[in-house]
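Q: Could you take me through the surroundings of the ligand in this structure? I would like a close look at that one part.

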Amino acid sequence: MNKDKKIYIAGHNGMVGSAVYRALQKKGYTNIIGKSSKELDLKEQAAVREFMATEKPDVVIDAAARVGGILANNDYPYQFLMENMLIQNNLVDAALKNNVDKFIFLGSSCIYPKYAPQPLKEEYLLTDSLEPTNEWYAVAKITGVKATEAIRKQFGKDYVSLMPTNLYGTHDNFDLNTSHVLPAMIRKFHEAKQNGNTPVVLWGSGTPMREFLFVDDMAEGVIFALENVLPDNLYNVGTGEDITIKELAETIQKITGHTGEIIWDSTKPDGTPRKLMDVSKMHGLGWSHKMNLEQGISETYNWFLDNIESVKKVTI
Ligand SMILES: NC(=O)c1ccc[n+]([C@@H]2O[C@H](COP(=O)([O-])OP(=O)(O)OC[C@H]3O[C@@H](n4cnc5c(N)ncnc54)[C@H](OP(=O)(O)O)[C@@H]3O)[C@@H](O)[C@H]2O)c1
């Protein structure tokens, strides 16, 4: 890929978008553009069309979305369904109409059925029903995958969908009302330690198994998709390794130095029992992750401590 190609990162201020931005800069890409949601509301079709027609990027990376954990997904089903569909539909349609050569859509592992065999292969998409707590978000993401697939099929264009597993890292959302499990635990253990090692109450039973990918590894996956023509439409991006939520909690407890009790609130939902990606398709093409989980959590915790006053507050 020519280093002066114009690359538009939708959501360049977000956790993933900013990691992709940094990684592209590091690799010498010189023509990267982005707009905040205040400057360009991607839910507005006319504004997106005008932006795309004016800027005419060569590549669009769609890292913009309404993102959140179980609580937010459960409480705001309409926003998770509709905002995500509006954002991605406006982007992909305007990209197609403006002859954008390459489009990379970021979805999520929750597109796969709740009880699909593990590890999750790309071919399990739409073979059974979804996990109800986040089906709104999942349905929106599935339509995004299908949009890139339809464009490949009908127009032969290099539009591709990457499905990240659970991501974490610098610039994550640490707001307890809207965050994912890993940053929420970092905040809870840290604050409990500050309060004299008070008990930490965590959701569910601790038995579900989850996979976590460091966001800079995800950014490398996006750049891999940018610099190569991938032969299929849909690719899982993860580590291919998982741990129980209980093991995750104990790892974070150790890293934050909390010495109090952990209480599991089993009245709260667990979500899908296991969610491990089969990453053999990406591995087969030559991409794999580098960061080990403990090291990645330490780096994330250090970033949280350095940015504790300014960490994101995400309101819906
Ligand atoms: N985080 C994860 O664990 C995870 C896991 C799997 C998949 N993903 C996927 O990865 C992508 C990026 O996620 P993330 O964690 O980086 O999310 P994030 O930190 O919340 O960032 C999302 C970005 O989307 C932008 N955005 C949201 N609504 C917008 C709108 N109406 N108009 C313009 N921009 C808008 C925001 O822009 P402003 O900051 O300017 O408001 C923000 O920068 C998403 O597609 C997500 O589904 C994430």
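A: Happy to; here is a walk through the ligand's surroundings.

A word on the basis: this is a predicted model, where local features need pLDDT of at least 70 and side-chain atom pairs count only at pLDDT 80 or more, while totals for chains, interfaces and linings use all residues. Residues are numbered from 1 along each chain as its sequence is written, and side-chain values use heavy atoms, with hydrogens and water left out.

Around the ligand there are 27 residues, each with a heavy atom within 4 Å of it. Met15, Val16, Ser37, Tyr137 and Lys141 are the closest. By type, this shell holds 13 nonpolar, 10 polar and 4 charged residues; here Ala, Val, Leu, Ile, Met, Phe, Trp, Tyr, Cys and Pro count as nonpolar, Asp, Glu, Lys and Arg as charged, and the others, Gly among them, as polar.

Now for polar contacts (pairs of N or O atoms within 3.5 Å). A polar backbone atom of Val16 lies 2.7 Å from an oxygen atom of the ligand. For Leu167, a polar backbone atom is 2.9 Å from a ligand oxygen, and for Ala65 the corresponding distance is 3.3 Å. On its own the ligand has 890 Å² of accessible area, and the protein covers 86% of it (Shrake-Rupley method, 1.4 Å probe).

Which elements give two or more residues to the shell? They are helix 1 (15-26), helix 5 (135-155) and strand 6 (166-168), where helices are DSSP runs of H or I with at least four residues and strands are runs of E with at least two, numbered from the N terminus.

Note on methods
A polar contact is a pair of N or O atoms within 3.5 Å; within protein, one must be able to donate a hydrogen and the other to accept it, and residues adjacent in sequence count only if both atoms are side-chain atoms.
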